[in-house]
Amino acid sequence: MQIFSFVNQKGGCGKTTTAINLAGALSAQGRRVLLIDLDPQAHATLGLGCDPGDGPTTLDVLSGSSSLSEAVVAVAGGIDLVPAALSLGEFEERAEHSLRPEQALTHALRGLEGDYDEVLLDCPPRADGVLTANALRACDTAILVVETGAFALQGAVKALSIFEEIRACGDSRFDMRVLATLFDRRTRFARDMLFALHSRFGPLLFESVIRTSVRLREAAACGVPVQILDKRSRATNDFAALASECLVGSTDSVRGKDLAPTPLPGE
Ligand SMILES: Nc1ncnc2c1ncn2[C@@H]1O[C@H](COP(=O)(O)OP(=O)(O)O)[C@@H](O)[C@H]1O
Ligand SMILES: [Mg+2]
């Protein structure tokens, strides 16, 4: 079971969009996928058309009052989801009174061994806090999601150093990868930015790039992953490529590859 988390202390860079649609792409490739919403804003839950109502949520799982399998809801695209609600914010307060609250998710995931091929963790927009700490502790790979907009390179370098520092201080052992999103190849600016990310991060940067696509916004509004809305869209293709890359394996398997920048999508 491979566990991926989607991180960046910045909001709006595409973490949730990546978590939902990578889950959809993996599922379309026949993988058994679980997506856990770890953000009290519950955007992954909403974006998959789920209303947890009175049912168990991520808060119940982290607090130990529900197992992960009890909290799972089947949503569109063949994805299993553990939904979040605003109340997840309470876990921060409760954590002050518990022993090792950052290990709650790791413990809960032990009960799932063998049930899923991939588990995806959608994190809140912060580097600190007990929810992100749970994700970093539980995951094999933390994917830093970077919008290819202004100051992308500076933002990504800073964010990567923050998460690497967290890894060095704690006893988490995750690999870091970087994913470029919201890429608009029509602008020279974005192309230069992608080139700079490639030069700076080399094999840590996924070769797959998620382009800007209105289909992704439409899919979220409809509560489905983009593969269900339009299986021929470029967003569907981008996430299929990312899914294949994730399945190739850990950073070790891409280390040592040719570091020359890859052609930009569509070129
Ligand atoms: N590749 C993309 N193309 C178009 N819109 C996108 C793309 N990625 C994200 N968005 C939109 O940008 C906004 C922020 O994305 P989101 O995934 O919620 O970011 P985060 O989880 O990092 O806060 C959302 O409205 C989302 O629909
Ligand atoms: Mg989000």
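**Exercise 1.** Of the 14 residues around ligand 1, which come nearest?

*Solution.* The structure is a predicted model, in which local features need pLDDT of at least 70 and side-chain atom pairs count only at pLDDT 80 or more, while totals for chains, interfaces and linings use all residues. Residues are numbered from 1 along each chain as its sequence is written, chains are lettered from A and ligands numbered from 1 in the order in which they are written, and side-chain values use heavy atoms, with hydrogens and water left out.

Step 1. A residue is near a molecule if one of its heavy atoms lies within 4 Å of it.

Step 2. Among the 14 residues around ligand 1, those that come nearest are G12, K15, T16, T17 and S213.

Step 3. Sorted by class, this shell holds 4 nonpolar, 7 polar and 3 charged residues. Here Ala, Val, Leu, Ile, Met, Phe, Trp, Tyr, Cys and Pro count as nonpolar, Asp, Glu, Lys and Arg as charged, and the others, Gly among them, as polar.

**Exercise 2.** Describe the polar contacts and the site of ligand 1.

*Solution.* Step 1. A polar contact is a pair of N or O atoms within 3.5 Å.

Step 2. A polar side-chain atom of T16 is 2.8 Å from an oxygen atom of ligand 1. For C13, a polar backbone atom lies 3.1 Å from an oxygen atom of the ligand. R217 places a polar side-chain atom 3.3 Å from a nitrogen atom of ligand 1.

Step 3. On its own, ligand 1 has 560 Å² of accessible area, and the protein covers 82% of that area (Shrake-Rupley method, 1.4 Å probe).

Step 4. Ligand 1 sits in the largest pocket. A pocket is an open set of points on a 1 Å grid over the protein atoms alone, where a 1.4 Å probe fits, with protein on both sides within 12 Å along at least five of seven lines. A molecule sits in a pocket if more than half of its atoms lie within 2 Å of its grid points.

Step 5. Helix 1 (15-28) and helix 10 (214-222) are the elements that give two or more residues to the shell around ligand 1. The largest share, 3 residues, comes from helix 1. Helices are DSSP runs of H or I with at least four residues, and strands are runs of E with at least two, numbered from the N terminus.

**Exercise 3.** Where is R100 found, and where is F151 found?

*Solution.* Step 1. Most residues other than glycine have a negative phi.

Step 2. R100 is not a glycine, yet its phi is positive, about 45°. F151, also not a glycine, has a positive phi of about 60°.

Step 3. R100 is in the loop between helix 5 (90-95) and helix 6 (104-110). F151 is in the loop between strand 6 (141-147) and helix 8 (152-169).

Step 4. Buried means under 20% relative accessible area, exposed over 50%, and partly exposed in between (1.4 Å probe, protein chains only). R100 has 51%, so R100 is exposed. F151 counts as exposed because its relative accessibility is 62%.

**Exercise 4.** How many of the 9 residues of helix 7 are buried?

*Solution.* Step 1. Helix 7 spans residues 130-138.

Step 2. Of its 9 residues, 7 are buried, and the helix is mostly covered.

Step 3. The buried residues are V130, L131, T132, N134, A135, L136 and A138.

**Exercise 5.** Are V119, D37 and Q227 buried or exposed?

*Solution.* Step 1. V119 lies in strand 5 (residues 118-122). V119 counts as buried because its relative accessibility is 0%. V119 and D80 are 39 residues apart in sequence, and their C-alpha atoms are 9.5 Å apart.

Step 2. D37 belongs to strand 2 (residues 33-37). With a relative accessible area of 0%, D37 is buried. D37 and E207 are separated by 170 residues in sequence and by 26 Å from C-alpha to C-alpha.

Step 3. Q227 is part of helix 11 (residues 226-229). Its relative accessible area is 12%, so Q227 is buried.

Note on methods
Polar contact = N/O pair within 3.5 Å; in protein donor to acceptor, adjacent residues only side chain to side chain. 1 Å grid on protein atoms, 1.4 Å probe; cavity = no way out; pocket = protein on both sides within 12 Å on 5 of 7 lines; lining within 4 Å.
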